Amino acid sequence: MAIEFEGSTFSPPEENEPRYPILDPYELGPLRDLRSELPPEVQAQLTPDDYVIEIITPEQRPALAPPSALREILRLAGVTSPRYIGAEGGPVASLASSENEHVDALRKFEVLHGRDALEISMKLHDQYPELLEATLVELAQTQGVVHEPYREGLPYRQEEPGRIMLLDRHPDDPIGKKFSKYLGWGWPFYGSIDATPTFISATVKHANRIPQFLDTPYTGRDGIHTMKDALDRSVHWVQRKLDDSPSFLLEFQNTAESGGMDAQAWKDSAFAYVHRNGERANNKDGIASLEVQALAYDALYDAASIEKDPSKARELRRYADSLAVGIFDSFWVEDPEKGSFFALGVDRDPRTGRSRQLAVRSSNMGHLLQSRLLEGNDPYITAMREATVRQLFTPEMLSYNGIRTLASDEVGFRPGGYHTGSVWLWDTARTADGLERHGYHHLAWNLRERIWRAVDETGRFPEFVRGGIDDHTETNPSEIYVWNDHHRVLHLFEQPPQEIQGWTVSAILAAKFRYPDCLKHRHTLPSSPLEQSILQELQIREV
């Protein structure tokens, strides 16, 4: 029979449906508030509108062997030797450790995931170019070819011409069937705003190494094409999305009929995008996430760099330059108390349609250090770049294991929240690589050492760790399902991280491959006055 809770009616699941990984209220049984069963420090983070309706603590076994990035990349790539990496296609997003393969909660993403596979294979491109090539061809084969209309009651892929999929599951996969039943998703599912610009840059990266790659044929959803066709289609998708945006930004939205995700960037949880007062961003009318704009900017310039038609190349650069103006105008925050920084994102006031900054400090700003956006000696750019570096190393942003996804002094901060205070190791690694790009070698290695500390202390390659601890590494032990009555949303307030996260594995492995000399001889590397100042502040804080 149906269950009523705070004005909502839920129906029970069918027998033998898999519990994970989807969130749905149908399977959570008689709904009651269990907050008293949580530790006091977690209870204190809940609001009066929050109802804890389920707590699940899986039995996790400790690691039996030291962590090995090489061993795990082989598992993620589905091969037994480094020489075969790429032979089985793109890597899966994550795996459980061999000790915990019995825990469903740690096996959520053992599938090809567009965003994740691209990040993993791009990180390891110098050592394993075949992995990136295999990933790109596989994603081109499923690239969107039609504007799919929404039809109520039918699976909806959110397919658009040129769009790169978020993830794919076989229609008979029990988890895939559950996604289709409760969320209405079809397969492949294209609900991602960032996989497509990443695909563009990844394709150009590989074509710069192997120019004939663009002539590689593949069989797509509508026939035989070349990888240059796939590249052009994705570039057109980015241009169309910018043209369709009133703000000329790359936005995602989730209308009531879409059957999609509220957040379609890498921070894709229920409260990932919030305002300074803790209110959720307006995903019905469009959210532009900061790092997505940088991905689009770089993708357009990357595409222009190999475009043989001069007029087309000029057009792509013009799009990129217009986007840059929008980024600096829309995202830069001048705060007299916290200092200047780039906002997490931009949404629209649902009443007026006017653009609003999500004026909170987040790890997203660190991604801009990897972009062309903050390159050069222009005083305006230099000031923004240096302000960004300073912000990332403030006590509110920097934790024991790296950069917090959300600053600890923000209203929405939750130390164990998926994207609201936890530390994602790949996220911190991306910031470290950006610091290296701008000559902040010592700060980059300060972050890498924090990441490695998390791997050493957990014995895994975790998706994320808690962001509220200053003297040791902690991971979430439990899944805490919370119904927020104000926003009418069921979400995972906390959850254990995936144990062998591909992003984390590739970040560790790439650092070992790319910077061995820096690691050994970094004390001889030059240091700017800004870097020296930050390092001195860190030394004082950590003593």
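**Figure 1. Lining of the second largest pocket in the predicted model**. Twenty-four residues line the second largest pocket, and those that lie nearest its centre are Met122, Lys205, Gln370, Arg430 and Arg437. The volume of this pocket is about 730 Å³. Four helices, namely H3, H6 (195–209), H8 and H12, each contribute at least two residues to the lining. Helix H8 provides the largest share, with six residues. By residue class, the lining of the second largest pocket comprises 12 charged, seven polar and five nonpolar residues.

**Figure 2. The largest cavity and the residues that line it**. The structure contains four cavities of 30 Å³ or more, and the largest has a volume of about 130 Å³. Its lining is formed by Arg115, Glu119, Asp194, Thr198, Trp266, Glu291, Leu295, His367, Trp426, Arg430 and Trp503. At least two lining residues come from each of helix H3 (114–123), helix H8 (290–306) and helix H12 (425–437). Five of the lining residues of the largest cavity are charged, four are nonpolar and two are polar. Arg430 belongs to the lining of this cavity and is also among the residues nearest the centre of the second largest pocket. Helices H3, H8 and H12 likewise each supply at least two residues to the lining of that pocket.

**Figure 3. The second largest cavity, with helix H14 in its lining**. The second largest cavity encloses about 80 Å³ of space. Lys123, Ala429, Asp433, Arg448, Ile451, Trp452, Ala507, Ile508, Ala510, Ala511, Arg514 and Tyr515 form its lining. Helix H12, helix H13 (441–458) and helix H14 (502–514) each furnish at least two of these residues. The greatest contribution is that of H14, which gives five residues. The lining of the second largest cavity holds eight nonpolar and four charged residues, with no polar ones.

**Figure 4. Surroundings of Glu499**. Glu499 is situated in the loop that links strand S17 (489–494) with strand S18 (500–501). The residue counts as buried because its relative accessibility is 4%, below the 20% limit for that class. Beyond its neighbours within four places in sequence, Glu499 makes contact with Gln60, Leu95, Ala96, Ser97, Asn100, Leu106, Arg460, Phe461 and Pro462. Phe464 lies 35 residues from Glu499 in sequence, and the C-alpha atoms of the two residues are 8.9 Å apart.

**Figure 5. The whole chain, as context for the close-up views**. The secondary structure of the chain consists of 16 helices and 18 strands. Its C-alpha trace extends over about 65 × 65 × 55 Å along the principal axes. The radius of gyration is 22 Å, which agrees with the value near 24 Å that a compact globule of 543 residues would have. Of the 543 residues, 60% count as buried. Among contacts with a separation of 6 or more, 68% are between residues 24 or more positions apart. The exposed area of the chain is about 22000 Å², of which carbon and sulfur atoms supply 49%.

Key. Residues numbered from 1 in each chain as written. Predicted model: local features only at pLDDT ≥ 70, side-chain atom pairs only at ≥ 80, totals over all residues. Heavy atoms only, no water. 1 Å grid on protein atoms, 1.4 Å probe; cavity = no way out; pocket = protein on both sides within 12 Å on 5 of 7 lines; lining within 4 Å. Points joined across faces, edges and corners; volume = space filled by probe spheres on them. Nonpolar A, V, L, I, M, F, W, Y, C, P; charged D, E, K, R; others polar. Rg over C-alpha atoms; globule rule 2.2 N^0.38 Å. Buried < 20%, exposed > 50% of the residue type's maximum accessible area, 1.4 Å probe, protein only. Contact = heavy atoms within 4.5 Å. Areas by Shrake-Rupley, 256 points an atom, 1.4 Å probe, with all protein chains shown as cover.
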